[in-house]
Amino acid sequence: DVQLQASGGGLVQAGESLTLSCAASGFTFDDYAIGWFRQAPGKEREGVACLSVSDNNSYYTRSMKARFTISTDNAKDTVSLRMHSLRPEDTAVYYCAAPDSRSCSGASADQYAYWGQGTLVTVSS
């Protein structure tokens, strides 16, 4: 079965940067897409970005494109989310996920069949 593990969260101050990583196993990584979602306290889960690993095409939620960057790590078996100029409203549990279609197909969580546990990012003022 597909296994996803998000890591790299923590407590940071506003304006700082943080990089999250998603380690994947149980499938051919290069043939898949990996998406990042986040869920703030009391809020619904929202899409952040998605990367089609096979062709290196990336997609972003419009409000996050300027500050967030999704990419593959050097090992090529992980996907990173680089977050810049963090704001308190970025505080959320961040999840990585993989769609069963193996391609990025929008920001709807319903399109992603496999999910990691999530990692908490807290941004202080």
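Here are three short exercises, with worked solutions, on a predicted model.

**Exercise 1.** Find out how many disulfides there are, and which cysteines form them.

*Solution.* Start with the cut-off: a pair of cysteine sulfur atoms has to lie within 2.5 Å. Next, check the pairs. The sulfur atoms of C22 and C96 are 2.2 Å apart, so by the cut-off this pair passes. For C50 and C104 the distance is 2.0 Å, so this pair passes too. That brings the count to two disulfides. Finally, number the bonded cysteines in sequence order, and you get the pairing 1-3, 2-4.

**Exercise 2.** Work out the handedness of each link and where its two ends sit.

*Solution.* Take C22 and C96: the angle about the S-S bond is 70 degrees, and the link is right-handed. It joins distant parts of the chain, as C22 is in strand 3 and C96 is in strand 9, 74 residues apart. Now for C50 and C104: here the angle is -90 degrees, and the link is left-handed. C50 belongs to strand 5, while C104 is in the loop between strand 9 and strand 10, so this pair ties together parts 54 residues apart in sequence.

**Exercise 3.** Decide whether C50, C104 and S80 are buried or exposed.

*Solution.* Buried means under 20% relative accessible area. C50 has 4%, so C50 is buried. C104 has 17%, so C104 is buried as well. S80, in strand 8, has 4% relative accessibility, so S80 also counts as buried. To see what surrounds S80, look at the residues it touches, including W36, I70 and D73.

Definitions and conventions. Residues numbered from 1 in each chain as written. Predicted model: local features only at pLDDT ≥ 70, side-chain atom pairs only at ≥ 80, totals over all residues. Heavy atoms only, no water. Helix = DSSP H or I, 4+ residues; strand = E, 2+ residues; numbered from the N terminus. Buried < 20%, exposed > 50% of the residue type's maximum accessible area, 1.4 Å probe, protein only. Contact = heavy atoms within 4.5 Å. Lists of a residue's contacts leave out its neighbours within four places in sequence.
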